[in-house]
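Biologist: I'd like to go through this structure with you and ask how each label was earned. Could you walk me through the reasoning, label by label?

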Amino acid sequence: MSTKPLENPYIPKPVTIEKITIENEAKDLKSFRLRFVNKEDEKAFTYKCGQFAMISVAGAGECPIGIASSPLDEGILEFTIKRYPTGVVTTALHNLEEGDIIGVRGPCGNSYPMAGMENKNVVIVGGGFAFTTLRSTIRYMLHEKNRSKFKNITIIYGARSPGELLYKQELEEWEKRNDVEIFITVDKGDENWKGREGFVPAVVKQVAPGSENAIILICGPPIMLKFTWPPVLELGFTPDNIITSLERRMSCGIGKCGRCNIGAMYVCKHGPVLSYEQIQELSERP
Amino acid sequence: MLKKADINKFIAAVMNNGYKVFGPVKQEDGVSLSELKTTDDISFDYFNFILPPKRHFFPWSELLYKYKDKTIHEAPLPEDKTILLGIRPCDARSFSFLDNVFIDDKAVDPYYQNRRDNTIVISLACNQPLPSCFCTSVGGTPAGKEGTDILAYDTGDSLFFEECSERGSSFLKLYSKFFSTPDQADVQAVKDFIAKAEKQVLSVNIKNAAEKLKEKFYDSVWDKLSFRCLSCGVCTFFCPTCYCFGLYDERDRRIRVHDACMYKGFTLEASGHNPRPTQSERMRQRIMHKFLYTVENFGKIFCVGCGRCVTACPVNMDIRENIVEVIG
Amino acid sequence: MGGTESIENKLKDAVKDLFLKKKVDIVIGFEKGSLPLTSRPCFIRSSDMAERLVWNASCTNNLAVYLPRFFQKVPRAKKSGTPPPVVGIVAKGCDARSVVGLIKEKQILKENVVIIGMSCQGVIDRRKIESFIDGSFIAGGRQEPGGILEITTGVGDKKKIKVSDVLAESCIECQYPHVENADVRIDGESITASDDGYKAIKAFEEKSPEERWQYFTDEISRCIRCYACRQACPNCYCKVCFAEQTLPRWIGPGDELSDVMIYHIGRIFHQAGRCVECNACVRACPVGIDLRLFTRKLCMDVKELFGYIPGLSIEELPPLLRFELNDNNDFITTG
Ligand SMILES: Cc1cc2nc3c(=O)[nH]c(=O)nc-3n(C[C@H](O)[C@H](O)[C@H](O)COP(=O)(O)OP(=O)(O)OC[C@H]3O[C@@H](n4cnc5c(N)ncnc54)[C@H](O)[C@@H]3O)c2cc1C
Ligand code: SF4
Ligand code: SF4
Ligand code: SF4
Ligand code: SF4
Ligand code: FES
């Protein structure tokens with residue numbers, strides 16, 4: 001029979017909550033900065049942009065959350081988590097305080113094709129709080145060690161209202177840089193909002209650069225995705241250069257529990273990152 | 001060959017060597033696969049066990065760890081040396097399917113693997129298929145060897161043992177003193193036995209099911225087909241190849257519990273969105289998973305034709321009819 | 001005459017008639033099952049389809065379990081606001097009482113249900129038949145006139161068994177086989193109502209608390225928590241069952257005995273004044289747990305304390321939905 005596994009993949013590793021940031025006005029989105037309790041766990045947890053991890057709160061359970069920090073953010077992990085009133089784990093997480101200990105298991109799933117993005121123009125389209133792993137990717141690409149590897153970087157990011165925009169401080173910093181183009185939009189602004197108004201698909205149509213030597217990463221709620229595919233295809237992006245990340249209810253995160261499949265594709269194992277081309281080949285279209 | 005009269009001695013010797021033996025035990029409501037306390041408990045008077053044997057590798061519910069004093073205390077991995085005796089070939093085949101899921105290259109399930117590594121499967125060829133059986137239509141036979149270490153044939157007053165894996169042969173060598181060499185007549189008896197049983201198994205035409213199912217995802221047949229279903233999940237709990245589970249925290253511990261795609265809550269997301277909101281999508285998932293997705297992922301139909309789902313379903317959803325109805 | 005076969009023909013005719021007169025959109029009935037000596041639910045949508053209907057002692061299911069779904073919003077339906085269909089339902093005495101219960105609990109609309117009341121001769125218990133043909137299985141079988149089952153066993157033997165010898169326990173003890181609220185009545189011979197004064201329950205009550213607890217424990221410890229008992233029950237229409245609620249979580253999801261027991265105690269109590277003793281839970285339970293003993297005890301209590309029989313009349317409110325000053329309160333103080 002096969003060799004014994006070195007690690008039991010079901011056992012979470014302890015992490016301390018170092019910092020909690022409330023991200024939005026509705027206060028149902030919080031970012032958690034975590035630090036591994038044990039150095040060897042930190043070393044073993046090597047991840048790539050686009051991967052996710054299973055977050056455990058003792059007594060409540062576990063849930064999958066995309067990694068929002070960049071692999072180059074040494075020593076820490078960041079997650080931005082929405083609390084659902086019906087959600088056991090997310091509610092428990094939001095009740096925790098800095099200094100509390102939770103568990104992390106992973107990293108799980110595949111990642112964005114970072115190598116394939118090198119020497120290309122990269123367009124990032126995000127909607128709502130599905131911006132987390134895209135933020136990881138942006139941080140990674142904008143890092144001084146990496147910026148030269150990528151050509152033009154364009155970011156289009158939208159939220160329902162100004163108060164719902166994530167990572168506001170970082171957005172401002174990116175806006176100040178001259179090696180990245182960033183377009184921020186809200187469905188509907190308020191009296192203080194001086195920026196762009198409009199839905200993400202429409203903004204994509206207006207401002208997205210050409211598809212020449214480019215790859216586009218799109219994450220957002222299903223309805224946004226549905227309306228973003230057509231303009232993106234029209235811009236000439238080929239299906240294999242349109243990348244997205246999917247979500248399904250999960251439990252194991254390692255392709256065993258049978259919960260997260262879309263057709264024969266298990267989101268936790270074969271995904272969550274898929275190209276538009278791969279999605280079209282599924283017998284079930286998400 | 002092992003004389004049935006000698007089986008007690010053989011089993012006693014095995015138990016003496018530290019094995020837990022689970023075999024067919026006569027109980028009030030029929031024969032079930034239970035732990036043998038004494039060697040007298042064995043009965044070969046059964047068709048198949050009501051419950052699927054998968055639970056020996058993958059229990060309904062098991063403890064993964066306890067959380068005490070802010071630390072995780074892992075439950076020790078199962079190490080019992082175990083014999084499963086009298087498993088029917090269809091069910092033994094299910095083990096090799098489950099191996100594909102639980103022991104793959106990317107992530108190995110240590111609980112399953114440990115149990116599997118410490119267990120020797122001795123199956124018993126079928127001499128009396130039931131009206132619900134259809135193993136031969138999904139690639140099995142009443143004397144199949146897949147997933148088993150040793151296959152026994154009941155030839156009347158003796159059992160004919162056939163080695164099916166290396167583990168099986170080295171195990172049998174240790175107990176060779178209980179066995180005699182089969183003669184020509186024994187071998188012939190086994191051949192007749194197989195031929196007779198195979199003929200009795202009902203055959204269902206599901207040729208190219210996977211190919212045809214690919215086109216059926218958005219077909220209206222699922223609504224019609226599934227309307228009778230109560231989403232009770234018995235078909236999946238009882239299926240020897242169904243492996244779905246959920247991880248949960250109960251007070252201070254994490255457990256894993258059987259779960260199944262036939263339940264409404266299986267895919268319900270915290271936002272309230274459910275990609276499989278009615279029994280139609282759930283039935284489609286069950287049939288597609290068994291006859292298409294596993295074929296795409298592992299090259300195998302995840303059904304061994306044991307018929308448990310057919311007999312256990314409270315409204316007689318018959319997967320043999322269902323699949324034919326879908327692929328037309 | 002009056003055997004199930006002629007009842008079957010009358011039923012087919014009655015259903016055809018309902019369709020021809022446009023009185024129903026759909027009829028829930030029974031058709032032949034895929035295994036020997038089984039029938040199963042079927043959905044008749046036109047008069048031609050009525051030929052599929054069967055009526056015999058293997059028509060075991062309580063079809064009322066399907067009714068609520070015709071009155072609920074289909075999750076992926078595009079447009080809402082289409083009126084619910086008129087549903088005919090082939091009903092035994094117990095099933096009809098379920099229908100009435102669902103009307104009273106406002107899960108279905110009285111105007112949209114046509115109760116086709118069958119004269120019921122009771123249904124069989126397959127486990128009993130299997131014990132009759134000791135050591136073999138039912139390889140073939142059909143019901144002959146006069147309430148005789150002709151069974152072919154696994155070894156090829158033919159056996160004749162009287163339906164009355166293998167009746168389900170719930171039918172033997174059935175107090176209300178007659179359909180009171182039928183919209184269409186299919187007449188024929190029917191089983192006589194029993195009134196054994198809850199003999200079995202009384203006998204069980206005679207046992208010591210330890211013995212009773214032991215029995216409960218032994219039965220419940222076999223439960224694999226599949227919830228088939230709940231899914232087969234017409235009364236269990238809750239969107240989220242207390243057993244699976246997550247915030248708060250009332251019971252752990254694992255196989256710890258206390259959790260399993262609380263599921264069962266909860267289920268049993270939720271049946272007080274509602275259970276019609278159709279035995280659907282027992283038949284659905286794949287491991288054969290004696291669930292009836294527990295629910296029947298509650299049925300007895302509700303009858304003795306409040307004089308209430310679930311589903312007999314459409315008007316009378318169940319005891320859990322009404323309060324009267326002279327309600328019996330003894331059980332609160334005497335336990
Ligand atoms: C790959 C991936 C990445 C993700 N990344 C992120 C991320 O970065 N940030 C983020 O915030 N989220 C993310 N999610 C989503 C996140 O996993 C879920 O929000 C989370 O699992 C909810 O868990 P919970 O324990 O709070 O809810 P659970 O308690 O697991 O779920 C709620 C459960 O309650 C029950 N329920 C009953 N009624 C209802 C009802 N009406 N509505 C809802 N539930 C009901 C259901 O059983 C349901 O499953 C990601 C998901 C995936 C798959
Ligand atoms: S699908 Fe049914 S017949 Fe096939 S292996 Fe599972 S229980 Fe047996
Ligand atoms: S049929 Fe359903 S329960 Fe069974 S293994 Fe497949 S997905 Fe899981
Ligand atoms: S056993 Fe039958 S009723 Fe229950 S979920 Fe399976 S198909 Fe549906
Ligand atoms: S049907 Fe039987 S096994 Fe399933 S939950 Fe009910 S009592 Fe338990
Ligand atoms: S989450 Fe378990 S298989 Fe994907």
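Modeller: Gladly! Let's begin with A:Pro272, which sits in the loop between β14 (265–266) and β15 (273–275) of chain A. Bear in mind that this is a predicted model.

Biologist: What makes the bond between A:Gly271 and A:Pro272 a cis peptide bond?

Modeller: The omega angle, which is about 5° for the bond joining A:Gly271 and A:Pro272. Chain A also has a cis bond from A:Gly106 to A:Pro107, with omega near 0°. That proline, A:Pro107, belongs to strand β6 (residues 101–108) of chain A. These bonds are worth pointing out because most peptide bonds are trans.

Biologist: Staying with the backbone, what is the phi of C:Leu37?

Modeller: Phi of C:Leu37 is near 60°, a positive value in a residue other than glycine. The residue lies in the loop between β1 (26–32) and β2 (39–44) of chain C. C:Tyr227 also has a positive phi, near 70°, and is not a glycine either. Its place is the loop between α7 (209–220) and α8 of chain C. We flag such values because most residues other than glycine have a negative phi.

Biologist: Why is C:Leu37 called buried?

Modeller: The label needs a relative accessible area under 20%. C:Leu37 has 8%, so it counts as buried. C:Tyr227 is buried too, with a relative accessible area of 8%.

Biologist: And C:Arg249, is that buried, exposed or partly exposed?

Modeller: C:Arg249 comes out at 30% relative accessibility. Exposed would need over 50% and buried under 20%, so C:Arg249 is partly exposed. It is found in the loop between α8 (228–231) and α9 (257–270) of chain C. Leaving aside neighbours within four places in sequence, C:Arg249 touches B:Tyr248 and C:Ala243.

Biologist: Now the rings. How many aromatic pairs are there over all chains?

Modeller: The count is 40 over all chains. One of them joins A:Trp229 and A:Tyr276, with 4.8 Å from centre to centre and 50° between the planes.

Biologist: What makes the pair of A:Trp229 and A:Tyr276 tilted?

Modeller: First the distance: centres must lie within 6.5 Å, and 4.8 Å passes, so the rings pair. Then the angle: under 30 degrees would be stacked and over 60 edge-to-face, so 50° leaves tilted. A:Trp229 is in helix α7 (residues 222–234) and A:Tyr276 in helix α8 (residues 276–281), so the pair ties together parts of chain A that are 47 residues apart in sequence. A:Trp229 is buried at 15% relative accessibility, and A:Tyr276 is buried at 12%.

Biologist: Why is the pair of B:Phe57 and B:Phe95 called edge-to-face?

Modeller: Their planes stand at 90°, over the cut-off of 60 degrees, and their centres are 4.8 Å apart, so edge-to-face is the right name. This pair links distant parts of chain B, 38 residues apart: B:Phe57 lies in the loop between β3 (30–35) and β4 (61–68), and B:Phe95 in helix α2 (residues 89–102). B:Phe57 is buried at 1% relative accessibility, and B:Phe95 at 0%. Both also belong to a cluster linked by ring pairs, with A:Tyr10, B:Tyr111 and B:Phe302 among the other members.

Biologist: How do you know that B:Arg88 lies over the face of B:Tyr46?

Modeller: The distance from the ring centre is 4.6 Å, inside the 6 Å limit, and the direction has to be within 35 degrees of the ring normal, so the pair qualifies. C:Arg69 likewise lies over the face of B:Phe227, at 5.0 Å from the ring centre.

Biologist: How much area is buried between chain B and chain C?

Modeller: About 3200 Å², of which carbon and sulfur atoms give 58%. On the chain B side, B:Phe227, B:Arg228 and B:Leu230 lose the most area, together 19% of what that side buries. In contacts, 41 residues of chain B meet 42 of chain C.

Biologist: Last one: which classes make up the shell around ligand 4?

Modeller: There are 11 nonpolar and 2 polar residues, and no charged ones. The closest of the 13 include B:Cys229, B:Cys232 and B:Gly233. Cysteine counts as nonpolar and glycine as polar, so B:Cys229 goes with the nonpolar group and B:Gly233 with the polar one. The shell around ligand 3 has 5 nonpolar, 3 polar and 2 charged residues, and helix α9 (residues 279–298) of chain B gives the most to it, with 4 residues.

Terms used:
Residues are numbered from 1 along each chain as its sequence is written. Chains are lettered from A and ligands numbered from 1 in the order in which they are written. This is a predicted model: local features need pLDDT of at least 70, side-chain atom pairs count only at pLDDT 80 or more; totals for chains, interfaces and linings use all residues. Side-chain values use heavy atoms; hydrogens and water are left out. Helices (H or I, at least four residues) and strands (E, at least two) are DSSP runs, numbered from the N terminus. Rings of Phe, Tyr and Trp (its six-membered ring) pair if their centres lie within 6.5 Å; planes under 30 degrees apart count as stacked, over 60 as edge-to-face and the rest as tilted. Buried means under 20% relative accessible area, exposed over 50%, partly exposed in between (1.4 Å probe, protein chains only). Contact means heavy atoms within 4.5 Å. Buried area is the accessible area (1.4 Å probe) that two parts lose on being put together, summed over both. A residue is near a molecule or strand if one of its heavy atoms lies within 4 Å of it.
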